[in-house]
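Reader: I would like a close look at one strand and its partners. After that, please walk me through the cysteines, the aromatic rings and one loop residue.

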Amino acid sequence: MKLIDKFHLRHIGPRPEEIGLMLSKIGVKTLDELIDQTVPTSIRSENPLNLSAAMSEQQYSNYLSKIASKNKLYRSFIGMGYYETHLPAVIRRNILESPGWYTSYTPYQAEISQGRLEALLNFQTVVSELTALPVANASLLDEATAASEAMLLMYNKRARKFKKTGNRIFVDEDVFPQTKAVLETKAEPFNIEIVYGHYANIELDDTIFGAIVQFPTAGGEVYDYREFVKKLHDNESMIAVGADILSLAMLTPPGEWDADIAFGNTQRFGVPMGYGGPHAAYFATTEKLKRALPGRIIGVSKDRHGNVALRMALQTREQHIKRERATSNICTAQALLATMAGMYAVYHGPQGIKDTARHVHSMAATLEQELKKLGFKQLNQNFFDTLRIELPEGVKGCDVQAQALSKEMNFFYTDAKHVQLSLNETTTVQDLIDILDVFALVANKDIEPQMVAIETNRFDTALLRSSKYLQEKVFNSYHSETEMMRYIHKLERRDIALNQSMISLGSCTMKLNPANSMFGITWPEFANLHPFVPADQAAGYHELIEELEADLSEITGFKACTLQPNSGAAGEYTGLMVIREYHKNHGQGNRNVVIIPSSAHGTNPASGVMAGMDVVVVDCDDNGNVDLNDLKEKAEKHKDALAAFMITYPSTHGVFESRIREMNQIIHDNGGLVYMDGANMNAQVGLTSPGIIGADVCHLNLHKTFAIPHGGGGPGVGPICVNAKLEPYLPSNPIVKTGGEKPLQAVSGAPFGSASVLPITHAYLKMLGAEGLTKATKIAILNANYMAASLKGYYEVLYTGETGRCAHEMILECRNFRQEYGVDATDIAKRLIDYGFHAPTLSFPVHDTLMVEPTESESVEELDRFVEVMIAIKKEMESIKNGEADKEDNLLKNAPHTAEEVAADEWKHSYTRKMAAYPLEWIRANKFWPYVARVDDGYGDRNLICTCAPISEYQ
């Protein structure tokens with residue numbers, strides 16, 4: 001391979017000839033010397049990673065093409081929550097394939113996120129109006145986990161009469177099987193008993209706090225649940241409805257029959273099946289439940305000029321604040337997929353959505369008519385898209401399957417005598433003819449040459465929707481490709497993503513998402529597979545998954561891996577649940593205490609609560625390290641109930657704690673297991689591993705360390721890797737065999753989680769290889785320490801290791817700035833926008849600080865720019881201190897400055913327009929203008945608006 005073709009030279013920012021100068025700035029002679037000072041020698045890997053040789057980009061593309069060719073693209077009529085759909089090319093090209101959208105971060109910094117915030121507000125509006133419920137969030141991970149969130153919301157908000165004995169929930173027997181499995185997993189730690197049955201037969205009492213039904217059901221029947229809902233509410237019980245989002249264009253929505261919660265999947269709105277995900281689940285509630293709503297809500301507020309501005313509403317509900325008092329551990333969403341689904345609705349408009357739904361229903365009704373002519377009985381009295389066929393005497397499901405496979409079609413076979421067919425927006429008349437051929441052959445009959453399309457509804461008129469939806473201007477304006485393209489681009493220009501500048505968010509690892517790794521996700525062989533196809537049709541996926549699991553196991557020093565968890569927090573939860581299963585299977589189900597450092601990410605204690613554990617917090621010392629004396633004391637105190645210890649490594653404070661093995665041994669000596677949070681794995685790969693430090697299980701963030709993009713707040717993938725004793729308990733799936741010998745029930749709906757983005761990490765690992773991965777880790781540490789050295793004298797690094805080095809990130813001390821300069825870390829974060837940079841992580845893990853993580857992908861030039869900006873801001877602060885700048889009317893307090901403000905006829909500030917907009921000369925070449933000025937967070941929470949009503953209503 002030519003030197004120029006080595007991928008690590010493209011991925012890593014600093015050029016080889018620049019590294020010497022960087023090391024000189026730090027005060028070391030070699031990169032190895034720096035690593036020796038940073039990573040304790042006691043935990044260093046003795047051998048290099050045993051991975052396949054690095055490939056060039058072209059070699060990898062050819063390799064992936066061969067893998068992809070092993071997947072068979074059959075037409076899917078399986079349904080069960082996953083459907084073929086048309087992804088509009090304008091959305092694919094301008095969102096899914098655009099780094100301006102897929103490399104952005106979660107919109108915590110509202111002023112540089114107005115584009116994706118509007119896109120997500122569109123999504124919420126679509127959900128709210130189609131479900132007829134007033135409040136919707138900005139997406140959840142998948143439909144099955146959304147159902148489990150609904151269950152826990154109803155449980156936590158249950159009526160007073162249920163508080164003592166009300167621990168039962170009714171789940172209709174015709175809910176999707178994957179949803180049932182996830183519900184069973186989530187219910188067990190809370191001692192919630194699931195009661196299955198037919199909704200019409202259930203007898204309610206003072207123990208049943210809520211109910212979950214599917215609309216239409218898994219079998220395709222559309223029931224009128226109105227009387228059932230009334231019966232529940234008379235009992236003070238709540239109801240959550242898993243509703244097909246496309247069907248609600250025709251069917252009376254849950255909100256109109258007084259449902260409390262609606263949840264489901266928006267995959268049908270232009271998002272490929274992707275062998276199970278990622279897709280944007282939705283979640284909507286009544287007004288009274290809005291403050292218990294899991295996940296993120298996009299709301300409307302105002303900026304400091306009184307202009308309309310969007311922001312993440314109710315942010316203090318997030319688990320970083322609630323920690324062990326959390327009612328959910330949700331810390332991410334499926335933002336990119338929600339954006340795509342919302343844009344599908346924008347592009348199609350209300351009439352296009354209705355026409356699509358009518359097409360699907362007409363195809364189903366027409367197929368039913370023709371099947372009846374062949375002598376087949378269709379069992380659903382009312383249906384939208386799914387037919388349940390009873391096979392006549394002498395015809396078996398395997399006969400139908402054989403004929404269908406010969407025509408490259410997949411149906412769903414519930415048992416030997418019943419076949420289900422779910423039609424979709426891609427279904428054509430030719431598809432119907434091919435389906436009828438299958439049934440005619442097994443029945444030994446001929447199909448009629450003429451087919452008459454059925455346009456009348458095949459459900460009761462009482463179920464027909466009469467209310468309007470999506471009447472807002474945004475859903476009725478962009479129906480040509482030109483206009484849609486420009487609308488998408490208009491929103492993209494309002495945001496800072498990696499295509500604009502470095503995003504130095506600590507604990508978030510905003511590294512390069514290599515272009516070559518992104519191509520595979522849109523290839524039909526990966527994008528268009530249903531997750532429940534026969535295994536031989538997904539041989540390519542299985543090969544890729546097996547290779548990926550093996551590589552991740554090697555990197556972590558563990559025995560086995562599952563890719564099922566579809567976020568980092570889901571990985572935490574899965575790891576703890578696997579530990580829980582281990583203890584139960586060893587007769588120690590009483591072990592329910594998890595010890596967590598006070599510095600931990602908020603999802604750690606929240607995940608502990610979700611896994612049914614009691615959280616015990618261990619202190620940190622003055623240097624930010626875990627207090628070993630406190631750890632030992634608490635481990636021994638709880639030794640009879642100790643289940644686990646959760647530790648992030650390197651620590652959330654950005655330090656390799658040298659006594660990590662000693663900590664883990666304390667836990668093992670007292671009967672517990674060690675869970676390592678892999679949020680900071682970018683400082684470990686190739687140098688050490690969770691296995692080496694003595695952990696038993698870890699989760700990885702493929703959307704951090706392993707190059708899957710953040711997408712504005714999702715997708716994420718949070719696989720867990722485990723040692724041999726935990727391997728038997730890896731999670732399963734009710735339809736596709738996966739997991740260990742004594743598996744935990746499913747933790748997500750699809751057997752392999754968000755499978756369609758796995759080629760990204762696969763590409764990253766194969767193109768870098770062992771040497772490139774290790775080099776990337778070393779450069780991540782180099783870049784962080786170079787930045788720390790460059791900022792010395794201006795900003796203090798709060799925590800360092802015993803030799804004065806940080807790991808791959810650092811916390812900048814800002815807590816004294818309020819008293820000394822009259823400004824705080826938030827003001828610095830907002831002023832960075834004027835210089836064209838996204839702020840580092842604000843006030844986490846230490847309040848009023850900035851946590852900076854440059855990653856290995858950033859060049860020396862970009863690091864130097866950021867340092868120059870931070871020094872310039874410090875000088876602006878000094879100007880306030882020495883009286884040159886006003887204490888209130890200054891560059892930091894008024895930041896960020898919009899083009900509208902700078903170009904206005906009137907300028908009332910004591911500083912110049914140039915200082916506001918172009919404080920450094922090089923900014924002119926690539927100026928980013930924020931769309932809004934500083935957003936009023938309090939106003940948005942006090943006046944919660946989370947749908948895109950006409951702007952005039954906000955004034």
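Author: Methionine 810 stands opposite valine 852 in β25. This is a predicted model. Methionine 810 belongs to strand β23, residues 810-813. Strands β23 and β25 run antiparallel, and four bridges join them.

Strand β25 covers residues 849-852. It has a second partner, β24, made of residues 841-842. That pairing is antiparallel too, over two bridges. Here threonine 841 stands opposite methionine 851 in β25. β24 and β25 form a hairpin, with six residues between them. In the turn, serine 843 has a positive phi of about 60 degrees.

Now look at the two faces of β25. Thr849 and Met851 lie on one side, and both are buried. Leu850 and Val852 lie on the other side, and they are buried as well. Both faces of the strand are therefore covered, given that buried means under 20% relative accessible area.

Next, the cysteines. The disulfide count is zero. Take cysteine 620. Its closest cysteine sulfur is in cysteine 806, 17 Å away, so the two are too far apart for a bond. Cysteine 620 is partly exposed, because its relative accessibility is 21%. Cysteine 721 is in no disulfide either; the nearest cysteine sulfur, that of cysteine 561, is 3.8 Å away. The cut-off for a disulfide is 2.5 Å between the sulfurs. Cysteine 721 is buried, because its relative accessible area is 0%.

On to the rings. The model has 31 aromatic pairs. One of them joins phenylalanine 170 and phenylalanine 228. Their ring centres are 6.0 Å apart and their planes meet at 75 degrees, so this pair is edge-to-face. It links distant parts of the chain. Phenylalanine 170 sits in strand β3, residues 168-172. Phenylalanine 228 sits in helix α10, residues 226-234. The two are 58 residues apart. Both are buried.

The pair of tryptophan 523 and phenylalanine 526 is stacked, because the planes are at 25 degrees and the centres 6.4 Å apart. What about burial here? Tryptophan 523 is partly exposed, with a relative accessible area of 24%. Phenylalanine 526, by contrast, is buried at 0%.

Phe170 and Phe228 also belong to one aromatic cluster. Its other members are Tyr199, Phe215, Tyr223, Tyr225 and Trp257.

Some rings have a charge over them. The charged end of lysine 180 sits over the ring of tyrosine 196, 5.4 Å from the ring centre. Lysine 186 has its charged end over the ring of tyrosine 573, 5.2 Å from the centre.

Last, the loop residue. Glutamine 381 lies in the loop between β11 (377-378) and β12 (386-390). Glutamine 381 counts as exposed, because its relative accessibility is 58%. Beyond its neighbours within four places in sequence, glutamine 381 is in contact with Glu221 and Arg458. Tyrosine 223 is 158 residues from glutamine 381 in sequence. In space, their C-alpha atoms are 9.1 Å apart. Tyrosine 223 brings us back to the rings: it is one of the members of the aromatic cluster.

Definitions and conventions: Residues are numbered from 1 along each chain as its sequence is written. This is a predicted model: local features need pLDDT of at least 70, side-chain atom pairs count only at pLDDT 80 or more; totals for chains, interfaces and linings use all residues. Side-chain values use heavy atoms; hydrogens and water are left out. Buried means under 20% relative accessible area, exposed over 50%, partly exposed in between (1.4 Å probe, protein chains only). Two strands pair if DSSP finds at least two bridges between them. Rings of Phe, Tyr and Trp (its six-membered ring) pair if their centres lie within 6.5 Å; planes under 30 degrees apart count as stacked, over 60 as edge-to-face and the rest as tilted. A charge sits over a ring if NZ of Lys or CZ of Arg is within 6 Å of the ring centre and within 35 degrees of the ring normal. Contact means heavy atoms within 4.5 Å.
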